[in-house]
Amino acid sequence: METRLLKYACEVYRKQSFTQAAKALNIAQPSLSQQIAKLERDLGVRLFFRDRNKVTPTPEGIRFFKRAEHILQLHEDLEREMREQSEGATGDLIIGTTVITGGHVLPPLLQSYQVQYPQVNVRLVEESTETITELTVKGHVDVSILSLPVEDSRLTTKTMLTEPLFLALPTTDEAWLPEGLTRQTPSVRLEELAGAPFILLKRGYGFRQTVLGLCAESGFQPRVAYETSSIQTALSFVKHGLGVTLVPEMVARNNTGPVYLSLASKPTRTLVFAYHKDRYLPNAARSFLDLYDRVTQESKRH
């Protein structure tokens, strides 16, 4: 069985369309249909149900594609590993991150990386935690930056850093703020904000779950006034008196406007590098992780 035919069939499976798959593969649609029909004859099973609007896998097809995608991943990993034996750290490095994190930790690191490895083309994928996790599992991202917990057992992690979380408050005195709370308060108990409107990241972002979890530990469910996919938008809303939110230290340090107070429970979040534990980690990704270790050690010495 040719890997070319596996690739064709898996593309149809992903696109659920012969037409869209043919475009992605840059081949003629009739030719693709003939190749898939040949594969089905050779296997002695039908892989797809076909109708005018959609192509869906048969039960036999679902079992086939689960194994076929794994075979293609192994084939791709083997080719890449053999090629890199002589070429070193070259090609593409695809890094996945959420917007809340990438803009704060990546710029200085990538600046140093591209000086040392100018032959590597770095591509950045910014999505929700849920999407980044899925892309990393599927091999579309080499290494991602996520916060713990990383719930998919197919990923392995390497700790980056742990940082405290802060409460962001508006600079104006709002009616829903707890009585006696001032901007000079050394720390605040989160349960004191149980009656305040909260501004949270949208579903699918790991930091949203972090905030909800901390509120639950404090004995309340927050009243969500607004949801956004941008931490900068959330902080702008806080600044204008529309609610409160929680932010990591790196965000608080780089965003003026709201008032930031420590929380009495001293919550933290831990960032990690995550990558597929059963797939080949490219040299470009290994070099990226090694550089982070060197930069971190140098900063500790100074």
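I started with helix α5, residues 99–116 (helices here are DSSP runs of H or I with at least four residues, strands are E runs of at least two, both numbered from the N terminus). Its 18 residues reach 25 Å from first C-alpha to last, close to the expected 26 Å (1.5 Å times one less than the number of residues).

A note to self: this is a predicted model, where local features need pLDDT of at least 70 and side-chain atom pairs count only at pLDDT 80 or more, while totals for chains, interfaces and linings use all residues. Numbering runs from 1 along each chain as its sequence is written, and side-chain values use heavy atoms, without hydrogens or water.

Next I checked α5 for a bend, and found about 50° at L106, with the proline P107 following within four residues (the angle between axes fitted to the seven residues ending there and the seven starting there). I also listed buried residues of α5, among them I100, V105, L106 and Y113 (buried is under 20% relative accessible area, with a 1.4 Å probe and protein chains only).

Y113 turned up again in the largest nonpolar core: of its 58 residues, L93, Y113, L169, F198, L246 and F288 touch the most other members (a core is buried Ala, Val, Leu, Ile, Met, Phe, Trp, Tyr and Cys joined through side-chain atoms within 4.5 Å). A second, separate core has 20 residues, including L6, C10, L25 and F64.

Last, I looked at strand β12, residues 268–276: 8 of its 9 residues are buried, so the rest of the structure largely encloses it. β12 runs antiparallel to β5, with 4 bridges, and to β6, with 9 bridges (pairing takes at least two DSSP bridges). I noted V272 of β12 as the bridge partner of L146, and T268 as that of P164.

Note on methods. Buried < 20%, exposed > 50% of the residue type's maximum accessible area, 1.4 Å probe, protein only.
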